[in-house]
Every structure is written in structure tokens, then in C-alpha cells.
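Biologist: Before we discuss particular residues, I should like each term to be tied to its criterion. Please begin once the structure is on display.

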Amino acid sequence: MILYLIIALIAGIAIGTLAGLLPGVHINLISVFLLSILAFFLSFVEPIVLAVFIVAMAISDTFISFIPSIFLGAPDEDSVLSVLPGHEMLIKGRGYEAVILTLYGSIIGIFLILLFTPLFILFLPKIYESARLIMPFILIIASFFLFYFEKQSKIWAIIIFFLAGFLGIASLNLNLKEPLLPLLTGLFGASSLITSISKKQKLPHQKITKFKNIKIGKKSVFRSLFASLIASPLCSFLPGLGSGQAAVIGSEVTRDLDRKEFLILLGSINTIVMGLSFVTLYTIQKSRTGSAVAISKLLETFSSNNLYIILLTIFISGILSFFLTIFLAKIFSKNISKFNYNKLSLVILIFLSIVVLVFSSWLGFLVFVVSTFLGLTCIFLGIRRTHLMGCLLLPTILFYLM
């Protein structure tokens, strides 16, 4: 049994790494595939072994997925906002540092998951319904602050937010297999790639900065973690909320986060939301991520022993993924400037288009094209691209109000 668990852990990290590095390939797709052939695996392994595989895959993906997001401008739905400050640092030769900052957040997030677990077990069943009632108002306030602190044009910010919101509502109601894939890939990924191609951007040599030289003040760490502590737990157990919404809430709670602080925030939120979704499943029997849904189908009874195994898997996967991501980020940093970045961006853009077509059909490709134009409009107007998160915020607000 222990040998099977170790094999599942290693295999999960390996597949999570592969999924994290491949633009457009989300772990939800792998979880769905695994469930489709569930009977085959259960004929020779215990359900908890497959659960360990899924948890290890999910946690490693939260670490690794920032690499293509920052270096290639090709995010998945959980690392999508890292395109913004990450790409800015990349074109200044600091892409490696940007990845390391997300890692700081992610590894701290692993320890915060362990801290939050007993609190979730004790208090979540008691506060769950009350939190559901106040959530739409928290999101409305966060959206208001998005507009209020826009320096360029508040009117255009509101227009962009609602256009993205209506596009999000339409996408989620088109009966697409993966509605967020074309939506977020277009708004944040393809629009960034097209901008890079149009500017004929050349990447400078990327600096591999030693850990001791990546300066982060205690105040910056505190601000980032305070924001993630506020937002992540809510988005771990409430339906319709994910890392993107948590990042917007967190960044608006702590105003004027700089690039470094925002990347730390994204790393911690991404990992905390995923990890706590498994604790939520144990505590109130609710699934809030695709990986948690897969585990709910696997484990008929989610015992405390299963929870201990999953928490240990989260911890070990996080530690190993931390060092694995550093290793891979160094490889990307050493080689990314050797390629013609315009041609590389074009290849990635074509690859993303094919992925959207395969997983979301022609209708999804139409969403991809429209969302790309909206992302380009935001860039052209000089509006903060966090307003594009209206694509998730507006549908979620309506979900809670209706």
C-alpha cells in the first residue's frame, strides 16, 4: 500500500508538471479523463491511491503553471493574472525572479493550508451559510474599488469590466466543455502574445538572481500574506469562486501592491485555494475545484485517515514542486532569449488556437477571438487589465444574487 502511495505521489507530480508546462492543458482535463477510466484503475489499487495522485498533480500544477504564464504569456485559469506583472519583469530580464516570487507565495501557502485545516474543521460548518450571504457584497465592493483606483479612465474601466462580464456570462451559458479556456486564454494570453508580436519585442538576457539577492521587505511579505489570508479561505469553500476572484479581492483589500507583492499574492492564493478545496470536501462535503470533484467521486467515505494522507501529500508535493520549479525556471531563463521571441509567440498563439478548437469547438474559438479583441482593446486604452476579471466577477455576483 505504501509503495503504491509513493508511486502515485511521484506520478502525480510528474503529470502535474507536464500539465503546468503545456499551455492550455489544465489538470481538470486530466481529472475528467481519469474518472472516465476509473473502473480500470480501481480493479488493482485502492481509491486513496488515486486520490493521492490527483492531489499531488493539482498541487504541483499550482507551482509549475507560473512558468509558461510568465515566460510564454500563456496562462491557465489559475495563473492568468501573473501575465501582467510577470511579463513586465520578463522584458526587463527578470523572468526568473518573477517565478521565484510566486514560489515564495506558494510555499508559504502550503504551511497556511496546514494552519487553516483545524480552523476549517472547527468553524466551517457553522459559518458556511452566513458566508454565502455576504459574498456577493464583498465582490461588489471589490469591483467598485477596481474602478475607483483606475488612474487612466474610470469610464473606460467600467465599460471594459462590464463587457468582460457579459462575455463571461455568455461563455458560461454556451454549453462549452471548457468555457474558461477560450475566455481567459483570449483576454490575457493571446492579447499579450499579439501585442508582443506587433511590437517585435526582443527578450533581453534573463538574469538568474540568487535567492539572497531577491530583496523582499517584511512589510511586503506581510501585505501579500494578509491579502491572501483574507481572500483565499472564502474562495476555497464558496461555489463559483476561484483563484482569480480571490486575487482581485485580496489585491483590493491591500491597496497598491507592487509587482513583487502581487506575484507573491498570486502564488499563495493559487496554492491555498487548491489545497483547502480538499479540506472543504472533508468538512462540508462540497467540491469547489475539478480535482476535489474527482476525489469526491473516488472516496465514498472521506475519513480522517484519508484527510491526513491528503495533507501529507499536499506538504510533500509542495516541497518537491518548489525545488522542481526552480530547476525548470533556470532552464527557461537560460534559453528563452536564444529564441526569436516573435516567432515563438506566433507558434504559441497558433498552439493555443488549436487547443481551444479541440477542447471547446468552433463556438469556443469564436469566444476566444472576441475575448482576444477585448483584451487588445484594454491594452490599447492603457486600462489596468485586472478589469478584465469582470469576466469572472460579474457572473459570480449574479450567481449569488439570483
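Modeller: Buried means under 20% relative accessible area, exposed over 50%, and partly exposed in between, with a 1.4 Å probe and protein chains only. This is a predicted model, in which local features need pLDDT of at least 70 and side-chain atom pairs count only at pLDDT 80 or more, while totals for chains, interfaces and linings use all residues. Residues are numbered from 1 along each chain as its sequence is written, and side-chain values use heavy atoms, with hydrogens and water left out.

Biologist: Why does Asn 175 count as exposed or buried, whichever applies?

Modeller: Asn 175 has 75% relative accessibility; exposed requires over 50%, so Asn 175 counts as exposed. Asn 175 is found in the loop between helix H8 (154-172) and helix H9 (180-198), and its phi is near 60°, a positive value in a residue other than glycine.

Biologist: What makes a stretch such as H8 a helix?

Modeller: Helices are DSSP runs of H or I with at least four residues, strands are runs of E with at least two, and both are numbered from the N terminus. By that rule the protein chain has 16 helices and zero strands. Of its 402 residues, 59% count as buried.

Biologist: What is the phi of Ser 361, and where is the place of this residue?

Modeller: Ser 361 has a positive phi of about 65° although it is not a glycine, and its place is in helix H15. With a relative accessible area of 35%, Ser 361 is partly exposed.

Biologist: What makes Glu 97 and Arg 94 a salt bridge?

Modeller: A salt bridge is a side-chain nitrogen of Lys or Arg within 4 Å of a carboxyl oxygen of Asp or Glu. The closest N and O atoms of Glu 97 and Arg 94 are 3.1 Å apart, so the pair meets the criterion. Glu 97 counts as buried at 7% relative accessibility, whereas Arg 94, at 25%, counts as partly exposed.

Biologist: How do you know that Lys 260 forms a salt bridge with Glu 97?

Modeller: Their closest N and O atoms are 3.5 Å apart, which satisfies the 4 Å limit. Lys 260 lies in helix H12 (residues 259-284) and Glu 97 in helix H7 (residues 95-148), so the pair ties together parts that are 163 residues apart in sequence. Lys 260 is partly exposed, with a relative accessible area of 22%. Arg 94, Glu 97 and Lys 260 are thus linked in a network of salt bridges.

Biologist: How many salt bridges does the structure hold, and with which residue does Glu 261 form one?

Modeller: The structure holds three salt bridges. Glu 261 forms one with Arg 223, the closest N and O atoms being 3.3 Å apart. Glu 261 lies in helix H12 and Arg 223 in helix H10 (residues 218-237), so this pair ties together parts that are 38 residues apart in sequence. At a relative accessible area of 5%, Glu 261 is buried.

Biologist: How many aromatic pairs are there, and why is the pair of Trp 362 and Phe 365 given its class?

Modeller: Rings of Phe, Tyr and Trp (its six-membered ring) pair if their centres lie within 6.5 Å; planes under 30 degrees apart count as stacked, over 60 as edge-to-face and the rest as tilted. The count comes to eleven aromatic pairs. The rings of Trp 362 and Phe 365 have their centres 6.1 Å apart and their planes at 80°, so the pair is edge-to-face. Being three residues apart in helix H15 (residues 341-381), Trp 362 and Phe 365 are separated by about one helical turn. Trp 362 counts as exposed at 67% relative accessibility, while Phe 365 is partly exposed at 22%.

Biologist: What makes Phe 399 and Tyr 400 an aromatic pair?

Modeller: Phe 399 and Tyr 400 lie 5.3 Å centre to centre with 85° between the planes, and the pair is edge-to-face. Phe 399 is partly exposed, with a relative accessible area of 45%, whereas Tyr 400 counts as buried at 12%.

Biologist: Which residues do ring pairs link into a cluster?

Modeller: The cluster consists of Phe 147, Phe 161, Phe 162 and Phe 166.
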